[in-house]
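Here is a friendly walk through a structure, in short turns. Take a look at it first, then read on.

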Amino acid sequence: MSVPILDFVPIWTLILGLGVFFYVLLDGFDLGVGILYGFTANRVSRNLIMNSIAPIWDGNETWLVLGGLGLFAAFPLAFAIIIPAVYFPILGMLLALAFRGVAFEFRYRDAPHRTFWDYAFSIGSALATFSQGIVLGAFIQGFEVSGRNFAGGSLDCFTPFSIWTGISLMFGYGLLGAGWLILKTQGELQEWARRLGRWCFFGVLLAIAVVSALTPVLELDIAFRWFSWPNILFLSPIPILTLLVAIWEWRSLNNRSEVGPFVGALVLFLLCYLGIAISLWPMIVPYKFTLWEAAASPNTHAFLLIGALFLLPIILMYTGWSYWVFRGKVRADIGYH
Amino acid sequence: MTLDPLLLSRLQFAWVIAWHILLPAFTIGLASYIALLEALNFATGRDVYFRLSSFWTRIFAISFGMGVVSGLVMPFQFGANWSRFSDATANVLSPLLTYEALMAFFLEAAFLGVLLFGRRLVPAWAHLVAALMVAVGTLLSAFWILAANSWMQTPAGYEVIDGRFFPQDWLKIIFSPSFPYRLLHTVVAFYITTSFVVLGVAAFYLRRGRFIEEARNMLSMTLWLLTVLVPLQIFIGDRHGLNTFQYQPAKIAAIEARWDTLSGAPLTLFAIPDEAKESNRYAVDVPYLGSLILTHDVHGNVRGLREWPPEERPPVAIPFFAFRVMVGIGLLMLALIVVSWWMRAGRRLYDSVWFLRCCEAAMPLGFIAVLAGWTTTEVGRQPWTVYGVMRTADSVSPSLTGQDVLISLAGYGIVYLVIFPVGVALMARLVRIGPLGIGLQPEPIESGRPDLPVRALPTAEPEALP
């Protein structure tokens with residue numbers, strides 16, 4: 001290879017980490033909105049809920065493509081091991097996303113089968129979320145590897161722990177979705193979103209507690225990392241902050257704050273994400289290959305980095321603009337105005 | 001019989017890509033057409049362009065949504081079913097695919113929202129820019145995905161270390177030998193496909209005496225466009241064929257069902273290729289024409305399949321027939337275009353019933369040709385995923401059992417058979433409703449839809465929210 005040996009792994013870890021986090025936040029809230037959608041049968045509410053995400057869901061889902069391809073590009077060995085290992089959750093996610101994605105247009109154009117497409121939308125959103133949660137759980141538990149290949153069976157990823165993370169993520173996305181709806185709606189619909197948001201909040205608290213308690217038990221290395229001296233000193237702000245943000249989130253769900261619930265949910269996600277990253281660092285195929293072992297060639301990293309550093313800020317700019325165009329409350333009578 | 005994960009994975013890939021390719025085949029051309037209509041409306045202020053743009057944008061919204069969800073499936077296929085291929089080729093191929101996402105997908109997605117829903121929210125010029133950006137995005141997407149595909153067909157600019165591919169020269173990787181031909185041939189094919197759909201819709205209206213102004217505009221514009229594109233495509237196709245003849249001679253031998261190496265080879269118009277006996281049955285040959293087409297010389301040398309050991313030959317019958325379907329459709333298209341010149345000269349373009357009937361019947365031709373062409377090139381490059389270097393059989397994920405893949409194939413089978421027919425039916429319904437909008441209201445059509453869903457949907461008896 002002609003390129004001098006430069007270490008692009010940290011910057012690619014950061015880019016991929018941010019890309020996946022953007023995905024979790026953005027598609028997280030619109031999948032969450034989809035899950036909550038199933039809890040109201042009122043057509044006016046459903047129209048409003050759908051309209052609040054119709055112009056942006058496609059862009060949100062694009063971050064999933066970037067996450068998948070970014071993993072393929074930056075850490076191809078991880079891509080080649082993890083994706084076959086979670087064959088069925090990925091299948092479930094893709095099929096669910098397909099149903100849910102076409103439901104935006106089909107529901108509107110196919111009035112005789114609207115009920116069917118309503119179910120496609122809400123159940124699709126829930127199943128896609130659950131599948132992603134399974135992938136997360138399987139990732140935390142690690143993969144059986146032989147050489148450069150996944151060596152386990154296609155059903156190995158389904159464990160009580162991964163099913164729990166699947167359920168947890170549904171509460172998490174639900175909370176994000178409720179936050180989004182509180183931000184974008186008003187009146188009774190907003191009250192309804194607050195009510196559901198509070199239920200999701202309890203689910204999220206339970207989820208964080210169980211996963212935080214189980215992960216160190218399942219993997220002793222993780223326990224050592226968090227509880228050994230002096231790590232416990234440096235890392236203790238994360239659980240403490242999580243607790244403080246959780247209290248703030250609960251208060252925002254109960255007072256008049258319109259921005260608070262969404263921002264609080266966002267910060268909670270960030271903290272959980274950091275917590276998982278700290279637990280697994282520096283593994284990208286837990287507990288077999290590190291980021292450096294799974295990395296693409298420096299030449300590949302460099303070639304893609306040139307474009308990514310130039311394109312990502314532009315993407316963020318025009319994506320921000322498209323959100324700004326559809327800013328404000330979504331209302332039934334005059335649409336987006 | 002045991003279930004073979006390799007065969008099933010290939011079937012699954014063929015299934016998901018065949019459905020998916022129909023959507024870009026339509027939306028790439030349609031995005032450019034909408035951008036053109038928006039620009040014409042912006043420049044001339046004529047209402048007919050506005051109505052047409054809004055009409056086609058409604059149809060675009062459905063097909064693009066289907067394209068997104070079926071396209072999302074594709075990168076995950078590489079990882080899930082072809083993990084050894086992914087591991088081996090990632091250093092070379094992954095940046096091409098990632099650039100597609102970075103340059104094209106985000107651009108399309110962000111500006112599509114504004115194109116569909118934003119007409120009232122942004123100035124007219126910004127809406128035009130959104131339409132242009134969506135069109136540019138679809139073309140960039142074609143650029144990168146075909147660069148990746150072309151590299152797999154005619155790999156260049158790489159070295160192999162320990163069974164994995166490493167990049168040496170990015171320009172050679174992106175502009176691999178078959179790429180310029182493949183890109184032009186495919187994009188022109190997609191433009192032609194869209195044109196025939198627009199042409200068919202126009203003819204449908206003219207025959208029924210509906211939306212005359214819009215229909216005449218569409219019919220005339222697409223026939224001028226096709227007048228340029230169809231002959232151009234035949235020329236590009238010939239150049240692409242010569243390129244394939246140079247870099248993938250075994251594929252050409254399969255397309256031509258040529259078993260023996262010959263100088264002055266005939267063109268086999270029809271035959272039943274028999275792979276076991278390595279010969280053709282019921283062959284209808286035209287002497288010397290094969291050499292003339294492939295080498296542009298009647299005595300040119302054409303290599304036959306026997307030059308390759310059987311395990312390095314592609315299947316013969318599938319590329320042979322698929323290629324003939326593609327070329328046959330190309331000639332049919334050319335015939336229709338030639339007739340249209342004559343009709344235009346005689347001022348009978350808009351009211352000759354039989355001509356309009358032919359235009360309507362031609363609506364699916366582009367799609368069939370695209371699928372046939374795709375089948376030709378993809379089956380013809382077997383048994384390789386990276387031509388001449390990595391075999392398809394060595395590319396599949398080792399952890400998968402036949403049962404695993406059977407389940408996923410059934411899943412994709414069922415879901416696509418629900419989504420695609422419904423999508424086509426809904427687009428057909430929009431065509432029947434026509435460019436004046438749902439319920440034929442003459443009021444201006446906002447934001448690419450007759451109205452926002454919340455107003456257009458009947459709200460039942462006043463219920464309490466929610």
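The turns below go from the separate chains to the parts they share.

Me: What kind of model is this, and how are its parts labelled?
Reply: Residues are numbered from 1 along each chain as its sequence is written, and chains are lettered from A and ligands numbered from 1 in the order in which they are written. Local features need pLDDT of at least 70, side-chain atom pairs count only at pLDDT 80 or more, and totals for chains, interfaces and linings use all residues, for this is a predicted model.

Me: How many helices and strands are there in chain A?
Reply: Helices (H or I, at least four residues) and strands (E, at least two) are DSSP runs, numbered from the N terminus. By that rule, chain A has 14 helices and 4 strands.

Me: Why does the radius of gyration of chain A agree with a compact globule?
Reply: The radius of gyration is taken over C-alpha atoms, and the globule rule is 2.2 Å times the number of residues to the power 0.38. The C-alpha trace of chain A spans about 60 × 45 × 40 Å along its principal axes. With 337 residues, a compact globule would come out near 20 Å, so chain A agrees, with 20 Å.

Me: What share of the residues in chain B is buried?
Reply: A residue is buried if 20 or more other C-beta atoms lie within 10 Å of its own, exposed if 12 or fewer, and partly exposed in between, with C-beta atoms placed from the backbone. Chain B has 14 helices and 8 strands, and its C-alpha atoms fill a box of roughly 70 × 60 × 45 Å along the principal axes. Of the 466 residues in chain B, the buried share is 51%.

Me: Which helix gives the most to the side of chain A that touches chain B?
Reply: Two residues are in contact if their C-beta atoms, placed from the backbone, lie within 7 Å. On this basis, 74 residues of chain A are in contact with 65 residues of chain B. Several elements of chain A each supply at least two residues of that side, including helix H8 (187-218) and helix H14 (298-325). The largest share, 15 residues, comes from H5(A).

Me: How many residues on that side of chain A are nonpolar, polar and charged?
Reply: Ala, Val, Leu, Ile, Met, Phe, Trp, Tyr, Cys and Pro count as nonpolar, Asp, Glu, Lys and Arg as charged, and the others, Gly among them, as polar. The side of chain A that touches chain B divides into 45 nonpolar, 21 polar and 8 charged.

Me: Which helix gives the most to the side of domain 1 of chain B that touches domain 2 of chain B?
Reply: Domain bounds come from an automatic or database domain assignment, which gives domain 1 (1-178 + 397-458) and domain 2 (182-247 + 249-380) in chain B. Their C-alpha centres lie 24 Å apart, and 25 residues of domain 1 are in contact with 28 residues of domain 2. With 10 residues, the top contributor on the domain 1 side is H1(B).

Me: Where does the largest nonpolar core lie with respect to the domains of chain B?
Reply: A nonpolar core is a set of buried Ala, Val, Leu, Ile, Met, Phe, Trp, Tyr and Cys residues joined through C-beta atoms within 7 Å. The largest one has 251 residues, and Ala202(B) is among those with the most contacts inside it. Helix H3 (residues 83-117) of chain B gives the most to this core, 23 residues. Both domains of chain B give residues to this core, so it lies between domain 1 and domain 2.
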